[in-house]
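Morning, everyone. Let me put the model up, and then we'll walk through it.

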Amino acid sequence: MLTLQTWTVQALFIFLTTESLGELLDPCGYINPESPVVQLGSNFTAVCVLKEKCMNYFHVNAGHIFWKTNHVIVPRKQYTIINRTASSVTFTDISSLNIQLTCNIRTFGQIDQNVYGIRIIAGLLPEKPKNLSCVVNDGKKMMCQWDPGRETYLETNFTLKSEWATEKFADCKTKRDTPTSCTVDYLPVYFVNIEVWVEAENALGKVTSDHINFDPIDKVKPNPPHNLSVTNSEELSSILKLTWINSNMKDLMGLKYNIQYRTKDASTWSQIPPEDTASTRSSFTVQDLKPFTEYVFRIRCMKEDGKGFWSDWSAEASGITYEDRPSKAPTFWYKIEPSHIRGYRPVQLIWKTLPPFEANGKILDYEVTLTRWKSRLQNYTVNDTRLTVNLTNDHYIATLTARNLVGKSDASVLTIPAYDFQGNLAESKCYLITVIPVYADGPGSPESIKAYLKQAPPSKGPTIRTKKVGKNEAVLVWDQLPVDVQNGFIRNYTIFYKTNIGNETAVNVDSSHTEYTLSSLTSDTLYMVRMAAYTDEGGKDGPEFTFTTPKFAQGEIEAIVVPVCLAFLLTTLLAVLFCFNKRDLIKKHIWPNVPDPSKSHIAQWSPHTPPRHNFNSKDQMYSDGNFTDVSVVEIEANDKKPFPEDLKSLDLFKKEKISAEGHSSGIGGSSCMSSSRPSISSSDENESAQNTSSTVQYSTVVHSGYRHQVPSVQVFSRSESTQPLLDSEERPEELQLGDNVDGSDGILHRQQYFKQNCSQHETSPDISLFERSKQVSSINDEDFVRLKQQISDHISQSYGSGQMKMFQEVSAADAFGPGTEGQVERFETVGMEAAIDEGMPKSYLPQTVRRGGYMPQ
């Protein structure tokens, strides 16, 4: 019975174990995928497929499937029925690293049967390895290491790969205990670049690090120098010489070194300046050390150009510097013992041993010297730190020196007063009192203090001066009073300052200060300053000092002048830019352009060439091509001086006009000394003929516009004048018309008309002015005769006055042309100057009219 129960328990245990593991000898189905590896935080779907025989046997289908994770039923909302044999379950955002998933069915409505089970393993894809670096240890193979990145929770394999231009090296697989480093199997090849990288791979994927490219010689970590030794020098007590043996790498590359040292009892290291050890060597001398002191040294090396790695530190070595004479005298004092012999007293001299950094070696002995007033020296050599001698009651001076192997120290001096000495201390004199405690094992640290028997006011006051003077402040400085004039402890200083008319102001200053700043001063003011020093018993004034504050603070003038200058420069620059931009307008008002007659097309005309007019689009305005000019001369009668010659000239005027009709389209041939166009002149005909050959042709015809208006079309014709252009002709815009129509004087002032004197100077100030003509509607021969008669009447009325009046011209080109009847044209008159003296030749410039050509004179 017991055996049956044991078998039953064992069978039940096997069944439970089998169910818990999800394994059946003949499963009713399977799960896909099987043993999956998924990424943490991702989604996962598993499908359970039932076999037909189980479905038939248990009378179940996919709808009877339910899922468990780690023996916990999964909610049915995560199920999906694919068909009658398959059901799936979906998990979102998997966070567990290890999940046991089983597919189950319920048979006969009450028994849960495990169909199949899998284990879900979750993890992370490996990160890209970072900080890949390699090192070549001296005499060993290359080792590389890297940062693997985050934990993957999966088995991740790292492989170190390397190659060079012509060969790929064997892969280096990491070991389980060193997953972040790997040492290659081949010896390094120097002075050739190799390429190295790392691959990381697990069940979720593979990543590759960045490739690095280097020469192995630049990654060398040499062995540290060995056999380091230290020796001293008897000549110099502050140096030690180091020697060592270098690494074998010195044959392939230069080395530089780090040398560190410390005293034996110190914990911090000092370092030799790197620039002193920046080249290959096997020895070095360390300087500026303390004498008779033990030092510890260590050294390391690396490639001279700084590429690669420092070696490890060498083994430490120590050495002691040589001795030097003691650097300080021993401190000693005396002690007087009770005397048992009259006239003598036992005196004990005591001193302290020098510390090692002052002894600078082993102290061999001490020398003591005692000197009495006017007596010989008493010398003692002592190996201890005390000496007892019997001295008289006289005054003694004792000296003490320490001696080592190299020499003696400086001497300490001690005064032993006479036995009956009574001190006579002076008042207002500073004394230094020192107390040295004496213990059983020797003296302690001395304490000193300054004291006065009695204080008094200072013998003199401090001298004050200025360090810096500003507009509203002044920095005052002074020196501390010498001890022999203080007569006490200086408690404070007082500064007194005032102006010539102001009240005196006092300022207290602490005795520890030697500088003070006076503020709130007035600019450009004279100040008088003095200073007093005070002890407990009173004070003493120093000499008076004067200074004057400046009117302006430092930089204030510059702050005013610089902006003004900048503003002036800016204004000047703007003015220049404005003038440059408006240069045409400025030029027009200040210096207008003046035409050059020598560049005119008129200069190319010939007197033998018929005039040509180019009216362009205006030809239709003057289709007949004929211009007839009529000049009207008005002469004011004068009782004093007749002018018969002028009447003669008027007779010739008509003849010339008739002969000139149709000759030059209305060109008036008035010219100075011209033979082809007779002019109203008193000169003879022979003179005119002589100057014909030297004529220069120039003329301008304006056929529209009035006064200063710009004509729309200019018509050019020739002229036979030898007169050069005058100033008034070159600048016709400056001419002004002066009209005076007052009947009392009958003179119209016009400056529009030009004058010619044919190289002769004017002899009379009387000038005839031309006057603008009246409007005419038509002119024929009869009108011309009538005009002549009117002119004769005017001449007879002005015969006695001796003055030439105004000429009036009327251009009647339209009147003599066809189709112009009834039309009235307005012409602008032009004139000439009539000379009063008979001896002066008279001539006229070509005249300008608004419509037509030149009018004959």
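Where does Ile560 lie? Ile560 sits in helix 5, residues 556-581. Keep in mind that this is a predicted model. Ile560 is partly exposed, because its relative accessibility is 48%. It also belongs to a nonpolar surface patch of about 430 Å². The other members of that patch are Phe552, Ile557, Val561 and Val564.

Next, the disulfides. How many are there by the distance rule? The count comes to four. I'll take three of them.

Start with Cys28 and Cys54. Their sulfur atoms are 2.1 Å apart, and they form a disulfide. The link is left-handed, with -75° about the S-S bond. Cys28 lies in the loop between helix 1 (2-21) and strand 1 (29-32), and Cys54 lies in helix 2 (residues 52-58), so the pair ties together parts 26 residues apart in sequence. Buried or exposed, Cys28? Cys28 is buried, because its relative accessible area is 8%, and the cut-off for buried is under 20%. Cys54 is buried as well, with a relative accessible area of 7%.

Second, Cys48 and Cys103. A disulfide joins them, S to S 2.0 Å. This link is left-handed, with -85° about the S-S bond. Cys48 is in strand 3 (residues 44-50) and Cys103 is in strand 8 (residues 98-107), so parts 55 residues apart in sequence are tied together. Cys48 and Cys103 are both buried.

Third, Cys172 and Cys182. Here the S to S distance of the disulfide is 1.5 Å. The torsion about the S-S bond is about -85°, so this disulfide is left-handed. Cys172 falls in strand 14 (residues 172-173) and Cys182 in strand 15 (residues 181-183), so the pair ties together parts that are 10 residues apart in sequence. Cys172 counts as buried because its relative accessibility is 8%. Cys182 counts as buried at 6%.

Two more cysteines, just for burial. Cys301 is buried, at 0% relative accessibility. Cys579 is partly exposed, with a relative accessible area of 39%.

Now a sheet. In what order do its three strands come? The order is 38-39-42, in an open sheet with antiparallel pairing. Strand 38 (464-469) and strand 42 (515-518) stand at the edges with a single partner strand each, so one side of each has no neighbour in the sheet. From one strand to the next, the twist averages 30°. Strands 38 and 39 (residues 474-478) run antiparallel and are joined by five bridges. Look at Val469: its bridge partner in strand 39 is Ala474.

On to Arg298. This residue is in strand 25 (residues 294-303). Arg298 counts as buried because its relative accessibility is 18%. Which residue 38 positions away in sequence is 5.6 Å from Arg298, C-alpha to C-alpha? That is Gln260.

Last topic, salt bridges. The structure holds 22. Let me show some.

Lys128 pairs with Asp210, with the closest N and O atoms 2.5 Å apart. Lys128 is in the loop between strand 9 (111-123) and strand 10 (130-137), and Asp210 is in the loop between strand 17 (205-208) and strand 18 (212-214), so this salt bridge ties together parts 82 residues apart in sequence. Lys128 is partly exposed at 39% relative accessibility. Asp210 is partly exposed too, with a relative accessible area of 48%.

Then Glu155 and Arg176. Their side chains meet in a salt bridge, 3.9 Å from N to O. Glu155 lies in the loop between strand 11 (142-147) and strand 12 (157-164), and Arg176 lies in the loop between strand 14 and strand 15, so parts 21 residues apart in sequence are tied together. Glu155 is exposed at 56% relative accessibility. Arg176 is exposed at 75%.

Now Glu316 and Arg262. That salt bridge is 3.8 Å, N to O. It links distant parts of the chain, 54 residues apart: Glu316 in the loop between strand 25 and strand 26 (317-320), and Arg262 in strand 22 (residues 255-263). Glu316 counts as partly exposed, because its relative accessibility is 47%. Arg262 counts as buried, at 16%.

To finish, a network. Asp218, Lys303 and Asp305 are joined into one by salt bridges that share partners. That's my tour.

Notes:
Residues are numbered from 1 along each chain as its sequence is written. This is a predicted model: local features need pLDDT of at least 70, side-chain atom pairs count only at pLDDT 80 or more; totals for chains, interfaces and linings use all residues. Side-chain values use heavy atoms; hydrogens and water are left out. Patches are made of residues with over 30% relative accessible area and no salt bridge: like charges are joined within 9 Å, nonpolar side chains (Val, Leu, Ile, Met, Phe, Trp, Tyr) within 5 Å. Accessible areas come from the Shrake-Rupley method with a 1.4 Å probe; for residues, only the protein chains shown count as cover. A salt bridge is a side-chain nitrogen of Lys or Arg within 4 Å of a carboxyl oxygen of Asp or Glu. Helices (H or I, at least four residues) and strands (E, at least two) are DSSP runs, numbered from the N terminus. Buried means under 20% relative accessible area, exposed over 50%, partly exposed in between (1.4 Å probe, protein chains only). A disulfide is a pair of cysteine sulfur atoms within 2.5 Å. Two strands pair if DSSP finds at least two bridges between them. Axes are lines fitted to C-alpha atoms, for helices over the stretch in contact, and angles run from 0 to 180 degrees between N-to-C directions.
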